[in-house]
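Trainee: Could you take me through one part of this structure up close, the annotated sites and what surrounds them? Start from whichever strands you like and work your way in.

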Amino acid sequence: MATQAPGRWQAIAQTKQQAIIDLIPEKWRISTPLPAPAELRDCTGDYIQQYLTPREVEITEADAVSITQQTTTGAWTSVEVTEAFCHRAAVAHQMVNCLHEIFFDEALAAAKALDAYFVTHGKPLGPLHGLPVSLKDQFHIKGVETTMGYVGWIGTFEGKKNDPRARTFESELVKELRGLGAVLFCKTSVPATLMAGETANNIIGYTSNPKNRHLSSGGSSGGEGALIALRGSPAGFGTDIGGSIRVPASFNGIFGLRPSGGRLPYEGVANSMDGQNTILSVVGPMATTARSLKLLFKSILEQDPWNHDPLVHEIPWRSSVESKFLSIVNESPPSLTFAFLHHDGVGRPDPPVSRAVRSIEEMLRRQGHQVSKYLLFDIYATPCWMNVDVKKIIDWCPPSHNIAHAIAKEAFHMDGGEDVLNDLALSGEPQLPQCFVVKAAHMTALQISDLNIRKRLYQKAYLDYWNSTSELTRSGRPVDALICPTAPHAAVIPGCFRHVGYTSFVNVLDLTSAVFPVTHADKDSDLLTPTASAGNLNNQHENMTLDSDYNASIYDGAPVGLQLIGRRLEEEKVLCLTEYVSRLWNELP
């Protein structure tokens, strides 16, 4: 039977897909097909390194801080570093489909100019001098296309044909990165519409998880997460409206920061549902280490972004806050207080996620820090707080996260799905099942006003509750941070992402949240053997979701990360505490 010729949108998508591959130099092409996931589950580490020279491995295994220590002193040239990451990114894409745009030649030309600048002036251009930085495919870069995963955006400016901005416009963050000396070299894959916990689109297909190719890289900054996990980039930027930085960071075993709205510039970034302001999408860094997040975040603030983006607060990096918490983490006896949310009463965490939360809680308690007891009954283990000094335990019972989940769901469907459906209609491509936006009735102005009031009241209630915990802590400060899952599962089976509530409540409250890697799913340790059923959960939580697609063998090796959450605009504090908790965890025998 003859193969049917592709339709118009399929042909456009295939042409674009091939154009991406054609931009990879022949010498960097993988000549033989990758083994199937059943034969090659993990393509990180030694596997991808076989395609690189020892010098390229040395460069690309370094984190952003180490790289800039070399490039800003002239020890490493920008060209050498850029070429190493271009090579590794090219290999990474051939393994997991993580790139939308490749502009290696332009990157090498920029790196050459940076090297010339250093020779002439005897100093770096800025704190990111010579650092390769990747970007999620929402950021506009001069001379580079932005499709955001839509076939209908190919050859246009955000779906608009014959728009003169198509090849000349740049996002504000891009301009600031250039001013800091960063080298931009690629843009990474996203799900069409952005509104998905997995990354798939009709242009390049599915972006797989490099640690377990049976699984997802997360979404919507999934390409960014996968590329950084493969060390094809030392650091990059994603966006987050419901978990789109934090889910991929967790699923790929890297670090990610979701700052509060108004800390980093969003001006000139392409987006879905532009104009929906109930829950704002925010820009944030992703990297291989916590200190790299700080480097990128602090460097952008040095550019005074409030002078270029009207929505950015004039809040420079607050060294006093950082110094305060650096002092606190070194106090003896320890005086930090951490609240823990083991599950939210809606999406039951799978065994490796529950194990990760319990492990970090136990570690901090043993360090002498004050921790909260379980918000809900943990179906996988006897609550450890029952057998410890009650002076080290506080209650953590905030306003229900179900309220936040409902507010987010309404906000994301405010326009009845019209924006994303119109962009899909530009080419006639189908909506992929990973997208959770569906056609619905438009909200009226009065309904939107009511939603905004409910959100404000919820924010106020949560703020008041958090403040009230100062009466329970030894330090007299409110709880310093909340630690909880990023999703109910580790990196997920394709098509099975099932609950965004663990991240979306942070967006509704506009809190600061950083993700740090904790562990990996283990087929021998993380068995689905709950010690409780729906019948013996207390009535208040009887509607908690108990079904799961978890399979210990398939999930084996999947990364698990957790969120460390501070209050609104507490980026300096959250970055400090994230680095501290991560260091403690990694120092355990």
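Mentor: Strands β6 and β7 make a hairpin, with two residues between them. They run antiparallel and are joined by two bridges; for strands to count as paired, DSSP has to find at least two. Ser-208 sits opposite Ser-216 of β7. Strand β7 (residues 212–216) is largely enclosed by the rest of the structure, because four of its five residues are buried. Buried here means under 20% relative accessible area, with exposed being over 50% and partly exposed in between, using a 1.4 Å probe and protein chains only. Helices (H or I, at least four residues) and strands (E, at least two) are DSSP runs numbered from the N terminus.

Before going further, keep in mind that this is a predicted model, where local features need pLDDT of at least 70 and side-chain atom pairs count only at pLDDT 80 or more, while totals for chains, interfaces and linings use all residues. Residues are numbered from 1 along each chain as its sequence is written, and side-chain values use heavy atoms, with hydrogens and water left out.

Now the annotated spots. An unreviewed UniProt entry lists Lys-136, Ser-220 and Ser-244 under "active site". They gather at one spot, because no two of their C-alpha atoms are more than 10.6 Å apart even though they span 109 residues in sequence. Ser-220 and Ser-244 are included in the lining of the largest cavity. A cavity is a set of points on a 1 Å grid over the protein atoms alone where a 1.4 Å probe fits but cannot get out, and lining residues have an atom within 4 Å of a point. A word on the annotations: positions follow the numbering used here, feature names are shortened, and they may be inferred rather than shown by experiment.

The same kind of record, again an unreviewed entry, gives a "binding site" of Leu-194, Ser-220, Ile-241, Gly-242, Gly-243 and Ser-244. Those positions are spread over 51 residues of sequence, yet they cluster in space, with a largest C-alpha distance of 10.8 Å. The lining of the largest cavity includes Leu-194, Ser-220, Ile-241, Gly-242, Gly-243 and Ser-244.

Let's go residue by residue, starting with Lys-136. Lys-136 lies in strand β2 (residues 132–136) and is buried, at a relative accessible area of 0%. Setting aside neighbours within four places in sequence, its contacts (heavy atoms within 4.5 Å) include Lys-187, Leu-194, Ser-220, Glu-224, Phe-237 and Ser-244. The side chain of Lys-136 also makes a polar contact with that of Ser-221, at 3.1 Å. By polar contact I mean a pair of N or O atoms within 3.5 Å; within protein, one must be able to donate a hydrogen and the other to accept it, and residues adjacent in sequence count only if both atoms are side-chain atoms.

Ser-244 is in the loop between β8 (235–240) and α9 (246–252). Its relative accessibility is 7%, so Ser-244 counts as buried. Its side chain and that of Ser-220 are joined by a polar contact of 2.9 Å. Beyond four places in sequence, Ser-244 touches Lys-136, Leu-194, Gly-219, Ser-220, Ser-221 and Thr-239.

That brings us to Leu-194, in the loop between β3 (183–188) and β4 (200–201). Leu-194 is buried too, with a relative accessible area of 5%. Residues up to four places away aside, Leu-194 touches Lys-136, Gln-138, Met-148, Ser-220, Ser-244, Asn-271 and Ser-272.

Follow that last contact and you reach Ser-272, found in the loop between β9 (255–258) and β10 (282–287). At 3% relative accessible area, Ser-272 is buried. Its side chain reaches the backbone oxygen of Thr-193 at 2.7 Å. Leaving out neighbours within four places, the residues in contact with Ser-272 include Met-148, Tyr-150, Leu-194 and Asp-419.

So what should you picture? Lys-136 contacts Leu-194, Ser-220 and Ser-244, and Leu-194 in turn touches Ser-220, Ser-244 and Ser-272.

Note on methods:
On a 1 Å grid over the protein atoms alone, a cavity is a set of points where a 1.4 Å probe fits but cannot get out, and a pocket is an open set with protein on both sides within 12 Å along at least five of seven lines; lining residues have an atom within 4 Å of a point.
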